[in-house]
Amino acid sequence: MSLKIVVVGNGMVGHKLLEQLADQPGVDITVLCEEPRPAYDRVHLSEYFSGKSAEDLSLVAPGFFDNPAIALKLNAKAVAIDTAGKVVTTADGERIAYDKLVLATGSYPFVPPVPGRDRPGCLVYRTIEDLEAMTQWGAKSRVGVVIGGGLLGLECAKALKDMGLATHVVEFAPRLMTVQVDDMGGKLLRRKIEALGVTVHTQKNTTEIVDGAGMGVGGRHKMVFADGSVLETDMVVFSAGIRPRDELARSGGLKMGERGGIVVDNFCRTSDPNVYAIGECALWEGRIFGLVAPGYDMARTVAAHLSQSRVANPESRVPAFEGADMSTRLKLLGVDVASIGDAQGATPGSLNYLFSDEVAGHYKKLVVSSDKKTLLGAVLVGEANDYGSLLQLALNRIPLPEHPEDLILPAREGGSKGGIGVDLLPDAAMICSCNNVTKGALCGAIGEGATTIGAIKKCTKAATSCGGCGPLVKQVLDAELKKAGVTVLNHLCEHFAHSRQEMFHLIKVGQLKTFDAVLLAHGKGRGCDICKPAVGSILASAWNEHVLKPKHQSVQDTNDYYLANLQKDGTYSVVPRIPGGEITPEKLIVIGRVAQRFNLYTKITGGQRIDLFGARVEQLPLIWKDLVDAGFESGHAYGKALRTVKSCVGSTWCRYGVQDSVHMAIRIEERYRGLRSPHKIKMAVSGCTRECAEAQGKDVGVIATEKGWNLYVGGNGGMKPRHADLLATDLDDETLIRYIDRFLMLYIRTGDRLQRTSTWMDNIEGGLDYVKKAVCEDSLGIAGELEIEMQKLVDTYECEWKKAINTPETLKRFRHFVNSQEPDQNIQFVDERGQIRPLSRLEKKLEENA
């Protein structure tokens with residue numbers, strides 16, 4: 001029997017739940033949407049007034065509701081719940097039975113109980129219908145007033161400005177954006193917004209709205225304030241906050257918060273275990289989250305819980321919802337505003353660092369712990385370029401420098417920003433006591449061409465032992481490079497003024513799912529061949545969405561676009577996954593028959609797989625179908641992802657083996673298959689210290705011992721071989737997997753674009769010691785997060801070949817000419833050693849001249 005799920009509400013959070021449930025087997029979903037259209041992007045509502053249509057704002061992928069498992073009912077308002085009978089009743093009397101009910105009813109705009117609030121031209125800012133009403137009323141107006149100076153109020157003010165109205169913002173509190181910024185930040189924000197032509201009125205309590213006809217410019221309404229002043233306007237828009245839509249749950253007898261909101265637990269279950277609540281209607285530990293990102297997290301939690309609802313103790317199998325980071329970076333009316341963590345300094349004992357530049361229009365504030373070692377929060381107004389790095393410090397609880405204020409103070413002329421004043425240190429100052437390296441030795445190495453942390457480590461050995469001097473070594477390097485006139489930047493490219501690490505966190509925190517969304521939020525221009533694949537890789541690492549989805553197509557390079565490796569003659573190679581190098585005779589025969597059918601060159605790779613060369617682009621789906629039908633999956637040889645997990649035969653066959661290395665290699669490969677990362681990842685498992693799988697030359701290497709497994713990380717072969725570092729010894733199976741989870745997610749979070757784990761290990765401040773403490777001792781306090789993030793990627797894996805061949809729209813691209821089905825006639829082969837090979841340029845020229 002299918003699990004009958006009723007979802008009440010098809011807003012952003014409700015639709016995210018549907019996306020999570022869409023591919024789950026055995027579900028029958030009914031969606032009750034009160035509005036006349038399905039889900040759309042409320043976060044960017046103001047763009048409606050910049051030219052975007054309702055269709056442009058839609059969140060629904062083409063064909064999404066063609067899914068027979070999902071029935072969407074528009075204009076269908078749910079009015080009652082019978083929790084005992086498990087029935088939802090709609091306004092037109094329809095009764096819909098459920099096994100599980102999810103309330104995603106969202107919130108409604110709060111309209112203060114002001115006399116005159118229901119006059120014509122007094123509107124709210126919440127839905128597309130509201131926008132249409134604003135457009136119609138705005139066409140006959142000259143002056144508009146927004147009641148509410150919070151985030152939504154300022155977004156609404158932008159909408160009125162875009163409509164060409166003289167715009168006012170009226171706020172009851174003493175400052176704008178009371179939740180996100182403090183008093184000083186609010187003053188600067190007000191000054192900058194007023195400089196853009198918006199008039200701001202704070203500490204104004206509207207007592208009534210009356211007829212203002214004939215009393216001046218506009219004049220349809222007169223707003224009367226408690227202090228006796230008045231403001232005339234043609235149009236009033238209420239955007240004074242939100243309230244949870246909990247009336248349906250309240251009528252059904254579910255437990256409510258004292259001030260509203262549907263009480264939920266860590267799995268978003270209400271007081272009735274068969275009813276869930278997510279998004280702005282849900283009250284978790286006394287909090288209602290007014291941002292979309294926490295709602296999405298709730299949706300994922302509920303989807304996972306529903307997938308396990310028919311097993312005993314599903315809670316043990318599902319990551320709980322544990323709250324959300326409410327940090328945000330915005331551009332409101334063109335003004336940069338950012339808020340991180342405890343921006344108001346509410347933590348007992350917290351300390352503040354403040355920097356204000358009224359001339360430049362910048363305000364920055366840090367909130368740190370009482371010991372000044374941990375960043376708790378921050379406020380940035382006017383210039384938020386430090387948001388990415390400060391967010392990273394706060395989220396990962398990275399220890400602060402000795403002088404945290406340097407993080408927000410500008411660089412003085414001729415000096416470097418931040419640091420501990422390394423220019424004042426004498427050349428004889430000992431920087432690395434472990435290896436007896438002075439500042440003078442570092443400066444000498446930099447002067448001779450060692451311009452990266454990795455190069456300095458190699459020639460001086462500084463920061464290669466305990467790693468404690470790593471930050472100071474970096475500061476010396478930056479200071480010396482700047483003296484030499486070298487600009488020290490780690491920006492992704494000219495379009496993004498952030499490192500890859502910063503981009504990863506911005507994408508995760510902002511719940512950004514497309515390149516266009518990332519570019520709009522944090523970039524400029526149109527992007528390039530550097531940032532598009534890099535952002536595409538981050539999106540895949542963060543969300544594990546299929547790389548051939550239409551919204552990701554424009555950011556993929558050729559190999560990812562066609563799910564195969566482009567070769568020198570224009571053909572492609574195909575590498576099916578062979579976990580651990582173990583393969584049955586039947587599957588070997590399938591590969592042989594595929595090679596024969598399509599006349600492909602076959603080669604056994606160094607990673608214990610079989611590579612098939614010479615496939616034309618239109619042949620790729622046909623080849624994949626034969627392989628997928630036989631049980632093969634994509635080997636991801638084309639992507640910056642896990643390639644192989646090499647193994648020896650281990651204790652099963654070898655007289656020296658002490659553990660089953662093949663079984664462990666298969667387990668590891670099947671866990672991390674498809675994992676996208678800054679660069680390719682190779683692994684190996686050896687069954688004993690004879691090391692036949694060459695594990696110590698891999699990004700992740702595992703070597704069996706009598707007591708368990710030794711774990712090595714950061715190795716690679718190639719142009720610059722690097723021996724892997726021993727991270728942990730004698731691990732049991734489960735601990736080994738946990739440590740690999742943590743290591744890989746730490747690398748994915750912090751690695752640079754196209755940076756192998758070996759280079760990352762060489763350049764990360766603190767080196768091996770830092771990584772060891774983070775992975776094995778949880779020094780950063782994020783081990784649980786890393787494991788949960790990895791498990792989400794594991795749970796959402798899908799074979800890209802299988803997805804492609806089952807998606808007709810995707811199949812259309814696999815042809816050489818856009819307007820013809822004809823193959824490329826320029827591809828030519830010759831026979832050599834019983835197989836094909838490409839015709840060389842010289843051979844082609846000789847053939848042409850013959």
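Biologist: What makes β14 and β15 a hairpin, and what sits in the turn?

Modeller: Just four residues lie between β14 and β15, and Gly228 in the turn has a positive phi of about 95°. This is a predicted model, where local features need pLDDT of at least 70, side-chain atom pairs count only at pLDDT 80 or more, and totals for chains, interfaces and linings use all residues. Residues are numbered from 1 along each chain as its sequence is written, and side-chain values use heavy atoms, leaving out hydrogens and water.

Biologist: How do you know that β14 and β15 pair?

Modeller: Strands are DSSP runs of E with at least two residues, while helices are runs of H or I with at least four, numbered from the N terminus. Two strands pair if DSSP finds at least two bridges between them. β14 and β15 (residues 230-233) have four, in the antiparallel sense, so they count as paired. One match is Lys222 with Glu232 in β15.

Biologist: And which way does β13 run relative to β14?

Modeller: Antiparallel again: β13 (residues 206-211) is joined to β14 by five bridges. Here Lys222 in β14 has Val210 opposite.

Biologist: Why is β14 called largely enclosed?

Modeller: Buried means under 20% relative accessible area, exposed over 50%, and partly exposed in between, using a 1.4 Å probe and protein chains only. Five of the five residues in β14 (residues 221-225) are buried, so the rest of the structure largely encloses this strand.

Biologist: Which residues of β14 point one way, and which the other?

Modeller: His221, Met223 and Phe225 go one way, Lys222 and Val224 the other, and all are buried. In a regular strand, side chains do alternate between the two faces of the sheet.

Biologist: What makes the sheet β4-β5-β6 open, and what stands at the edges?

Modeller: Three strands line up in that order with antiparallel pairing. β4 (78-82) and β6 (95-97) are the edges, each with a single partner strand, so one side of each has no neighbour in the sheet. β4 pairs with β5 (residues 87-90) over four bridges, and Ala80 stands opposite Thr89 in β5.

Biologist: Over to helix α13 (residues 515-522): which residues are buried?

Modeller: Phe515, Val518, Leu519 and His522. Their arc, taken from the directions from the helix axis to the C-beta atoms, is only 100°, which puts them on the same side of α13. On the other side, Asp516 and Leu520 are exposed.

Biologist: What do the buried residues of α13 pack against?

Modeller: β21 (328-332), α12 (500-510) and α14 (531-543), with contact meaning heavy atoms within 4.5 Å.
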